[in-house]
Amino acid sequence: MSLQVIINGIATGSIYALIATGFALIFNVLKFSNFSHGATMTAAAFIAYFLVSSKGMRLVPTLLIAGLAGALISLFGEFVGFRRILKNHSAPTYFFVSSITLGTLYEGLVTIKAGSNFFNFPSFFKNPTVNVAMLVVSTGDLMMFGISAVALIVLAYVIQKTRLGRALRAVSFDRDTAQLMGIDSTRIIQLAFVISGILAGIAGVFLGIKYTLYPTLGSLVVKGFIASVIGGLGSLTGAVIGALLLGILETLLLAALGSGYSTIAVFAVMLVFLLIRPQGIAGSNVQEKA
């Protein structure tokens, strides 16, 4: 029973890891929390649903369209909502206001198209469950974990081993110095938003498969934010660790206490981390700034 719950928690945590990593990536580069990330996730998932899934196409095309849509939406947000603020060296408050405004805009557009209805992705798997020893594992959970793991491994390789990744790390460390060294910081920031948007689109589809698709699905981005806090804001490794721990903890609490108390307990854990170790598991003391 407990092992079954832990496996389910790891699968849920892998989705949270996609959200938290996209969230942490923007924080790492620009040192502000992008609260339009959840609405980007929702909008990309709905675009994939209406363009691909509702026509009976399979999981891979759905994820590709969602990732592309997330990248374009995120890139639009960077250009419209954040670039001018960044160039003017405006106060951090403007980033917060702009991200909230963009999130409200995206959610409003989705609501106009979808109404207040709930949508279900088609069944992508012929066999809904897989028997592993004495355990019954959802095929969807296995696919979510596998694809999420591949996406995060590819991201880690790009950041650690490629020229673009080194430029991204340089800009996140000191944007002005990187610019003086010949790095086009604007392009690198755009790259960060594109990667964040791709992860948001994939996460949106997975959340829609696991739960259901509705216009306020983006509210679940708070789970990614909590995972980032636990792991350490600005730390991509910490975001993954925090997300997996959050997924396991949430699933265990859900089985033991029910949905109401488990939600309260998860927020209590975040508050404990903020009081005892505000930098998180793998992070350092990072302050938001422009």
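**View 1. V80, a partly exposed residue of helix 3.** In this predicted model, V80 has a relative accessible area of 47% and is therefore classed as partly exposed, a term that covers values from 20% up to 50%. The residue is found in helix 3, and V80 also takes part in the nonpolar surface patch shown in the next view.

**View 2. A nonpolar surface patch that includes V80.** Together with V80, the residues F76, F79, L105, L109 and I112 make a nonpolar patch on the surface, with an area of about 630 Å². Two elements, helix 3 and helix 4 (92-114), each give two or more residues to this patch.

**View 3. The largest cavity and the residues that line it.** The count of cavities of 30 Å³ or more comes to 1 in this model, and the space in the largest cavity is about 60 Å³. Its lining is formed by N34, S36, H37, T40, I73, S74, G77, F82, Y106, F193, S196 and G197. By residue class, this lining divides into 8 polar and 4 nonpolar residues, with no charged residue among them.

**View 4. The helices around the largest cavity.** At least two residues of the lining come from each of helix 2 (37-51), helix 3 (59-87) and helix 8 (185-210). Of the contributions to this lining, that of helix 3 is the most, with 4 residues. Helix 3 thus appears again here, having also been named as one of the elements that supply the nonpolar patch.

**View 5. The second largest pocket, between residues of helix 5 and helix 8.** This pocket has a volume of about 230 Å³, and each of helix 5 (139-161) and helix 8 supplies at least two residues of its lining. The lining consists of I147, V150, A151, V154, L155 and V158, together with L191, V194, I195, I198, L199 and I202. When these residues are sorted by class, 12 are nonpolar, while no polar and no charged residues are present.

**View 6. F27, a buried residue of helix 1.** The place of F27 is in helix 1, which spans residues 2-30. F27 is classed as buried because its relative accessible area is 1%, and the term applies to values under 20%. The view also takes in S172, which lies 145 residues from F27 along the chain, although the C-alpha atoms of the two residues are separated by 8.8 Å.

Definitions and conventions. Residues numbered from 1 in each chain as written. Predicted model: local features only at pLDDT ≥ 70, side-chain atom pairs only at ≥ 80, totals over all residues. Heavy atoms only, no water. 1 Å grid on protein atoms, 1.4 Å probe; cavity = no way out; pocket = protein on both sides within 12 Å on 5 of 7 lines; lining within 4 Å. Points joined across faces, edges and corners; volume = space filled by probe spheres on them. Nonpolar A, V, L, I, M, F, W, Y, C, P; charged D, E, K, R; others polar. Patch = residues over 30% accessible without salt bridge, like charges linked within 9 Å, V, L, I, M, F, W, Y side chains within 5 Å. Areas by Shrake-Rupley, 256 points an atom, 1.4 Å probe, with all protein chains shown as cover. Salt bridge = Lys/Arg side-chain N within 4 Å of Asp/Glu carboxyl O. Buried < 20%, exposed > 50% of the residue type's maximum accessible area, 1.4 Å probe, protein only.
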